[in-house]
Amino acid sequence: MRKTLTKSLGIMLLCGVLAALLSACTSSGESAGGKVQLEFFQNKPEAKGTFDELINAFNEAHPDIQVTQINPPDAETVLKTRVVKNDVPDIMAMGATDTYSILAQSGIFADLTNSPLLGTIDPNYIQMLKDVTGMDKVTGIPYATNANGIMYNKTLFKETGLDVPKTWDELIATAQKIKDAGKIPFYFTYKDDWQTNLPFNALAPNLVGIDFFLERRENKVTFKEKYQEVAEKQLRLMNYGHGDNFGKGYSDGNRAFANGEAYMYIQGTWAISEIRKANPNVDIGFFPFPTGNDPSQIKLVNGIDSLFTISADTPHKEQAEQFIAFLLKPENIGKYIDEQTLFSAVKGVKQDDPAVQELMPYIEQGKVIDFADHYIPAAVQLNSIVQSFLQNQDIDRYLDTLDKEWDKVANRR
């Protein structure tokens with residue numbers, strides 16, 4: 001009996017050891033079947049279907065690797081929670097925002113500075129990552145970019161005999177002519193506070209420059225000193241809305257612009273697909289925001305919408321790089337930017353959508369500059385500050401608030 005019990009205990013212990021080994025193997029990213037398991041965490045719900053198709057194609061071509069997509073609601077918050085729990089996904093896709101900057105500085109991403117994956121990437125976007133993080137080390141692979149500018153209804157412009165404005169003065173004169181005709185120049189959607197940021201994102205980098213933020217981090221400059229013209233032009237635009245600027249939201253604006261209720265729409269390229277859902281036949285044009293009166297100095301606001309990072313602790317960096325290399329292939333990133341109406345960070349891959357062709361020369365010539373809000377800590381609450389300013393129109397209070405909130409966040413970091 002004792003011999004049988006001892007034998008049974010030995011078998012149980014052996015099974016327990018085997019189970020533990022299998023569990024450890026699986027948790028480190030490799031299944032019992034020998035496939036390397038990679039978790040791909042990305043933050044764009046609208047891109048889930050496109051990534052699913054690309055992942056399926058990769059998995060079929062790589063039978064020894066299994067990539068699984070994770071795309072939760074409020075992805076950035078989920079990711080930060082997982083980082084705190086030391087549960088970092090193998091591969092992550094996110095925008096080049098303050099969240100990326102904080103995580104990059106915390107050291108959770110692998111160093112990709114010398115990775116061959118950067119070989120096909122436009123250097124402008126690599127520099128944007130360095131500027132956003134303040135580091136020379138590169139921890140992300142830029143993938144797709146978006147742009148912020150001014151959409152216009154080509155049909156309405158043609159019927160009215162309007163030319164696309166190339167300078168700030170021409171923009172205001174065009175808006176005034178439309179207003180004088182009893183029409184709506186701009187459809188503002190400022191019920192949603194993030195929409196108030198769109199003119200700011202164009203005016204700030206073009207008029208003041210991205211270097212302002214690098215110097216602000218070192219307390220060499222202030223918003224109060226440098227942002228007077230930005231604030232004045234933000235207010236000037238408010239003369240050309242539709243009378244209920246703070247009562248309409250993003251979805252309202254997309255429908256209204258699609259149906260010809262306004263001539264222009266200060267917006268991002270991400271809205272194109274939503275506008276076409278409301279009216280597939282709308283003839284959309286898109287021009288860079290003319291923030292000043294020298295057309296040669298105006299740059300397109302064009303920032304990184306998606307970049308790829310790899311966990312510094314993943315045991316499968318080689319396989320993660322294989323997957324990213326697959327996504328960077330021209331035919332695969334071409335599929336992605338076509339379906340998402342974005343631009344490629346990979347050199348030589350062009351966006352052919354007719355709505356954005358007026359933007360392409362700026363991208364091809366490198367006349368681009370990053371979004372201002374990529375450099376402003378999320379804790380500053382820029383959206384609500386801008387929205388309040390556009391309502392109370394107090395420039396001094398606005399700029400003082402930006403400085404005070406920036407300093408509060410800087411002191412907590």
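This section describes one helix, one buried strand residue and the internal cavities of a predicted model.

Helix α5 spans residues 123-133, and its buried residues are Tyr 125, Ile 126, Met 128, Leu 129, Asp 131, Val 132 and Thr 133. The N-terminal end of α5 is capped by Asp 122, a side-chain oxygen of which lies 2.9 Å from the backbone nitrogen of Asn 124. Beyond the other end of the element, α5 is followed by Gly 134, a residue with a positive phi, near 75°.

Tyr 125, one of the buried residues of α5, is also among the residues touched by Thr 145, which is found in strand β4, residues 141-153. Thr 145 counts as buried because its relative accessibility is 0%, which falls under the 20% cut-off for that class. The side chain of Thr 145 is joined to that of Asn 302 by a polar contact of 2.9 Å. When residues up to four places away in sequence are not counted, Thr 145 touches, in addition to Tyr 125 and Asn 302, the residues Gly 303, Ile 304, Asp 305, Leu 342, Phe 343 and Ala 345. The surroundings of Thr 145 thus include residues 302 to 305, given by Asn 302, Gly 303, Ile 304 and Asp 305, together with Leu 342, Phe 343 and Ala 345.

Turning to internal space, the model contains two cavities of 30 Å³ or more. The largest cavity holds about 40 Å³ of space, and its lining is made up of Phe 41, Asn 43, Ala 75, Glu 76, Leu 79, Ala 93, Met 94, Thr 99 and Leu 103. Two or more residues of this lining are given by each of the elements α3 (75-84), β3 (91-94) and α4 (98-106), and the largest share, three residues, comes from α3. By class, the lining of the largest cavity comprises six nonpolar residues, two polar residues and one charged residue.

The second largest cavity likewise has a volume of about 40 Å³. The residues that line the second largest cavity are Tyr 187, Phe 188, Thr 189, Tyr 190, Gln 195, Leu 198, Tyr 265 and Ile 266. Six of these lining residues are nonpolar and two are polar, and no charged residue takes part, whereas the lining of the largest cavity includes one charged residue.

Notes: Residues are numbered from 1 along each chain as its sequence is written. This is a predicted model: local features need pLDDT of at least 70, side-chain atom pairs count only at pLDDT 80 or more; totals for chains, interfaces and linings use all residues. Side-chain values use heavy atoms; hydrogens and water are left out. Buried means under 20% relative accessible area, exposed over 50%, partly exposed in between (1.4 Å probe, protein chains only). Helices (H or I, at least four residues) and strands (E, at least two) are DSSP runs, numbered from the N terminus. A polar contact is a pair of N or O atoms within 3.5 Å; within protein, one must be able to donate a hydrogen and the other to accept it, and residues adjacent in sequence count only if both atoms are side-chain atoms. On a 1 Å grid over the protein atoms alone, a cavity is a set of points where a 1.4 Å probe fits but cannot get out, and a pocket is an open set with protein on both sides within 12 Å along at least five of seven lines; lining residues have an atom within 4 Å of a point. Grid points are joined across faces, edges and corners, and a volume is the space filled by probe spheres set on the points. Ala, Val, Leu, Ile, Met, Phe, Trp, Tyr, Cys and Pro count as nonpolar, Asp, Glu, Lys and Arg as charged, and the others, Gly among them, as polar. Contact means heavy atoms within 4.5 Å.
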